[in-house]
Amino acid sequence: MKKTAIAIVILAALLLTLSRSCGRKTNEAVANARALKVTVEHPEERVFRKTAVVQGTIEARNSAQPAALVPGTIEEMLVDEGALVKKGQPLFQIDKVSLESRVQIERDNQNVAAASRAEAEAALSEAKATFKKADTDYRRFKTLYQEEKAITLDTFERAETGYKQAEAGLTHAQALVDLATAREAQAVSSLKIAEKQLADSLVTAPFDGVITRKLKDHGDFAGAGMGVLQLDDLSSLEAVFVLSADYFNEVVPDKTALLLTGAGDQPTEAVAYYKAPSLHPVTRTFEVKAALPENTAFAPGMLCNVTVILEEHRGLGVPTAAVGRREGQTTIFKMENEKAVAQPVRTGLTDDGHTELLDAGALRDVNVIVEGQA
């Protein structure tokens, strides 16, 4: 912006004197007027930003603590700190020998259950044959007794008793088959559980990343769900920070831009992708997250200064030093005919030492005094 140094007569005191005096006092004020050297500028169009500056933390967007899915002793630790791992790569093994033994036991139990079911089905077949013979005898003896009167009541009753016993035996044999079938199904399920636990005992990486920390080591006991390693995807980082509730409606996911400083000479540009849907009930703050570009100088755990750009637009502005208060109004001094003339103005954003003038149309080509107006 071009600055111009001009000598003008400051008539502010003179005008005030003229409004209150006349005659000799006026002549004295004119005689005492003196020229002062000032600097003027034309208002300049520039970008104005409304910002909020906070401190945030750099974190990996993909971060996990691979945990033991079954309780047991860590039998093998297959990676070291700093190791690069791929998705699906084995990380550590939990108590493999005992889990393999359990699988074998459950497999034997399934074989026993299958044999028991086969035995029960054979007994059922025998019971069916016995019942069929007893049913045939019962029907024949019933006819001989009731219609032909060819046998005694005692003979018929013995046939009837044999029929009922065969019927009960058939029902019992069917129940034993049902029981054996259920036990076999139970044994199959137990075997599947044992096989699943054996498979779960070898824990693999859920995504590509770097082992940044060991939480446990070979020989340690790990309970189910207990983290053993820290795995971070260093290729995908994010800045996490909180803002006051005052800015809640001004942050728009996928639109609000950020500038991050704290690693390297140049600020890192980012865009907020997440805003918490609600405020913390105690602190009255909300969380914001922004994905960082690849190959950034930041690393997980670093602190960073976050400049949140809440509003950005172009406007006409002057150095903030040129703007002041006069008689309750926001005022600048402009130069007209080598005289300082007060000009009330409406102001907008203040950014980087400049203040936005909203009366842009009337002030665009005005010489505004930026130094010496005091």
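## Two loop residues with positive phi

E327 lies in the loop that connects β17 (324-326) to β18 (329-336), and in this predicted model its phi is near 55°, a positive value in a residue other than glycine. E327 is exposed, with a relative accessible area of 75%.

D254 is found in the loop between β12 and β13, where its phi is near 70°, again a positive value in a residue other than glycine. At a relative accessibility of 60%, D254 counts as exposed, because the cut-off for that class is over 50%.

## Confidence along the chain

The protein chain has a mean pLDDT of 87, with 89% of its residues at 70 or more. Among the elements of the chain, β15 has the highest mean pLDDT (97), whereas helix α1 (residues 12-20) has the lowest (41). Over residues 5-27 the pLDDT is below 50, and this stretch nevertheless has 36 contacts in the model beyond near neighbours in sequence.

## A four-stranded sheet

Four strands form an open sheet in the order β4-β11-β9-β6, and their pairing is antiparallel. The edges of this sheet are β4 (63-64) and β6 (84-85), each of which pairs on one side only.

Within the sheet, strand β9 (residues 209-214) and strand β11 (residues 229-232) run antiparallel and are joined by four bridges. K214 stands opposite L229, the latter being in β11.

## Nonpolar cores

The largest nonpolar core has 23 residues, of which L243, L260 and V308 touch the most other members. At least two residues of this core come from each of β3 (44-60), β12 (237-244), β13 (257-261), β14 (268-275), β15 (285-291) and β16 (303-319). A second core, separate from this one, consists of 18 residues and includes V70, V85, I94 and F207.

Which residues does L260 touch, if those up to four places away in sequence are not counted? The contacts of L260 are A239, P267, T268, A270, L292, F298, C304, N305 and V306.

## A buried aspartate in helix α3

D137 is found in helix α3, which covers residues 96-146. Its relative accessible area is 17%, so D137 is classed as buried, the cut-off being under 20%. The side chain of D137 makes a polar contact with the side chain of K133, at 2.5 Å. D137 thus contrasts in accessibility with the loop residues described above: D137 is buried, whereas D254 and E327 are exposed.

Terms used:
Residues numbered from 1 in each chain as written. Predicted model: local features only at pLDDT ≥ 70, side-chain atom pairs only at ≥ 80, totals over all residues. Heavy atoms only, no water. Pairing = 2+ DSSP bridges. Buried < 20%, exposed > 50% of the residue type's maximum accessible area, 1.4 Å probe, protein only. Polar contact = N/O pair within 3.5 Å; in protein donor to acceptor, adjacent residues only side chain to side chain. Core = buried A, V, L, I, M, F, W, Y, C linked by side-chain atoms within 4.5 Å. Contact = heavy atoms within 4.5 Å. pLDDT = per-residue confidence, 0-100.
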